[in-house]
Every structure is written in C-alpha cells, then in structure tokens.
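Reader: I am new to this structure and would like a close look at a single part of it, the place where its domains meet. Could you take me through that part slowly and in order?

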Amino acid sequence: MKIGIDMGGSHIGVGLVNDMGDILAKREVNLESNDKIDANNTIISYINKLIGRVLEAKDASIDDIELIGIASPGVIKKGIIVKADNLNLNKFNIVGELKKKYNVPIYLDNDAKCAAIAEKEYGNLKGYVDSVFLCIGTGIGGAVFWDGHLLESARTPGFELGHMTIDIGGRKCSCGNNGCFEAYSSIGNLRKIVAERMGLEKEITGKQLADILRNNSKNIIIGNVLDEYIRHFAVGLANIINIFEPEIIVLGGSIVYYEDIIVDKTREYLRKSNLIYNTDIFPKISMAKLKNDAGIVGATIIRKNLNKLT
Ligand SMILES: [Zn+2]
C-alpha cells in the first residue's frame with residue numbers, strides 16, 4: 001500500500017492507495033484562510049493527523065506503507081516546494097519535515113502533473129498520444145503530453161498555464177501579475193467573484209457556489225458572471241489548443257462538479273468562435289475520470305515508470 005497526499009489551495013486529501021490505483025481509505029480537511037498564516041506547520045500537522053486516520057481506517061501501520069507521494073501546487077524542485085502562492089508557501093522542505101517522522105521513501109511532485117499521470121494510467125487520457133491535463137480548482141495547473149511523453153524541461157518544471165496573461169491590465173492574480181488565466185477561470189476566483197457580486201460574505205464554500213449557480217440560473221448577475229467566465233475560459237483553452245493541438249483536454253480539480261454549468265457552454269462557445277486556428281483538430285474536452293482523486297492516486301505513481309504508462 002502507498003499513501004497519496006493531495007495538497008490543494010483549499011483542502012488537503014490523504015488516501016491509502018493500492019497497486020491498482022484504487023483508493024482504499026481517504027480523509028480530508030478544508031483549509032481556512034487562518035491556516036495559511038503559519039502554513040508550513042499547519043500543513044504538516046494536518047498531514048500527520050490525516051495519515052494517522054487513513055491508517056487507522058484500514059487497521060494498518062506505517063510499516064505496511066511502501067511510499068508516501070505528495071502532490072503540491074506551485075513550483076517543485078528536488079523535494080522542496082519552491083513557491084506555492086495559493087498556500088502561502090515559500091522554499092518549504094516538506095519532504096525533509098515528513099522524513100523526520102516516517103521512515104519510508106517520500107516523493108514530491110506538482111499536483112497537476114500527478115493528476116495528469118493518474119489520468120494517463122487509469123483515466124481519460126489513457127490511449128491518447130497528444131493531450132493536455134488542466135487542474136482547475138483554487139488555481140490552475142497544467143501538464144502536457146506530447147507524442148506520449150510528459151513534457152518537462154531540464155531546468156525548471158514549467159507549464160504554468162494558469163499564469164498566461166489573457167487580459168492585459170485585467171484582474172489581479174495571486175502571483176502578482178494582472179489578467180492571468182487563473183484570475184478568471186479558476187474555481188477559487190469564481191467563488192470570490194460570485195460572493196462579491198452577490199454581496200455575500202467574503203468566503204463561500206464550493207458547495208455554496210454550486211448551490212448559488214444552480215438555484216439562480218435566471219438571475220442576471222449570475223448570468224453575467226457565467227458569461228464572463230465562459231468567454232475568458234474559452235480564450236485560455238483556445239491558446240492552449242492553438243499551441244499544442246492536443247487530441248483531448250481533460251479537466252480535473254473542482255471544475256469536475258460544474259460540467260453542466262460551465263464546461264458544456266464553453267465547448268459550445270469555442271465551436272462558434274474563431275478562437276481555434278485549425279478547426280479540423282478541435283479536441284475532445286472531457287472531465288477527469290478520477291474526478292478530484294486524481295492528485296492522491298497520481299502522487300503514488302513514481303515518475304521513473306512514466307514511459308511504461310504510454
Ligand atoms: Zn498569475
């Protein structure tokens with residue numbers, strides 16, 4: 001058995017995963033804004049608690065665990081989270097911290113890459129040669145498979161698809177730039193905009209967002225928010241499609257819960273627009289088969305085996 005840890009901008013999920021990629025037990029915690037003040041210590045303490053709970057759920061101990069894999073947002077290098085703006089983490093040696101307590105191999109990778117690898121091995125990217133995975137939750141992360149291989153440069157992790165500028169001088173992004181794809185099309189920012197425009201308390205949960213969007217389909221404010229979202233989402237997707245011309249784009253992260261509200265309409269908008277240069281290659285746009293569990297499962301797949309997955 002392996003332990004997979006998925007750190008999102010607003011939640012941490014820990015799962016016990018078997019060799020077939022099945023999650024045998026899972027425990028999660030939602031992160032509040034206060035948790036990000038002393039993020040390093042808070043995250044380690046949540047992870048320790050959640051590991052204890054999943055082991056207990058299966059009557060297992062750490063001696064039964066082959067490895068621990070961590071999927072984290074942001075820039076990852078050699079076991080260090082160099083920068084994860086949505087979690088307020090900088091140069092955080094998370095592997096070193098966890099190694100003090102767990103005497104098992106511990107791996108760290110970018111969350112979108114982990115989720116993409118899980119979808120490639122067990123989900124909706126299986127069988128495709130050229131494909132893109134977008135993890136759309138608190139932020140936006142991405143991974144690209146080109147001719148069957150995950151693209152990565154030797155120097156830096158790259159593929160910061162969420163931080164391509166889609167509106168010069170537009171909305172402020174957590175990275176400091178204005179007008180990033182993430183500032184318009186992440187579910188985290190959709191939550192903020194809906195709360196702001198509807199005059200609600202500052203933070204609404206994902207469940208509240210889904211209820212508001214579903215119960216107010218005729219509300220003019222919600223209509224405008226969704227139109228704005230879809231137009232910007234379509235531009236971001238079109239840029240990615242024009243560069244990589246993938247056969248398929250799989251969307252993971254919490255956007256999987258909004259297919260009927262957002263994704264169907266964005267596909268339709270894209271088809272009618274002139275945003276796609278080569279219309280012959282309009283890709284399939286699908287939801288992640290593993291839904292929000294792709295990060296936990298992908299964190300347990302060790303990258304050296306990647307070429308066997310294609
Ligand atoms: Zn940005």
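Author: A salt bridge here is a side-chain nitrogen of Lys or Arg within 4 Å of a carboxyl oxygen of Asp or Glu. By that rule Lys113 forms a salt bridge with Glu152, because their closest N and O atoms are 3.7 Å apart. This is a predicted model, and its chain is divided into domain 1, residues 2-114, and domain 2, residues 127-288. The centres of domain 1 and domain 2, taken over C-alpha atoms, are separated by 25 Å, and the contact draws 10 residues from domain 1 and 18 residues from domain 2.

Between them the two domains bury about 1100 Å², with 48% of that area on carbon and sulfur atoms. Within domain 1, Lys113 appears again, for Asn86, Ala112 and Lys113 lose the most area to domain 2 and together make up 49% of what that side buries.

As for the polar side of the meeting, the rule finds one salt bridge across the interface of domain 1 and domain 2, and it also finds four residue pairs in polar contact there, both residues of each pair being at pLDDT 80 or more. On the side of domain 1 that touches domain 2, β5 (75-77) and α3 (111-122) each supply at least two residues, and the largest share, three residues, comes from β5. Sorted by character, the residues of this side of domain 1 divide into three nonpolar, four polar and three charged.

Definitions and conventions: Residues are numbered from 1 along each chain as its sequence is written. This is a predicted model: local features need pLDDT of at least 70, side-chain atom pairs count only at pLDDT 80 or more; totals for chains, interfaces and linings use all residues. Side-chain values use heavy atoms; hydrogens and water are left out. Domain bounds come from an automatic or database domain assignment. Contact means heavy atoms within 4.5 Å. Buried area is the accessible area (1.4 Å probe) that two parts lose on being put together, summed over both. A polar contact is a pair of N or O atoms within 3.5 Å; within protein, one must be able to donate a hydrogen and the other to accept it, and residues adjacent in sequence count only if both atoms are side-chain atoms. Helices (H or I, at least four residues) and strands (E, at least two) are DSSP runs, numbered from the N terminus. Ala, Val, Leu, Ile, Met, Phe, Trp, Tyr, Cys and Pro count as nonpolar, Asp, Glu, Lys and Arg as charged, and the others, Gly among them, as polar.
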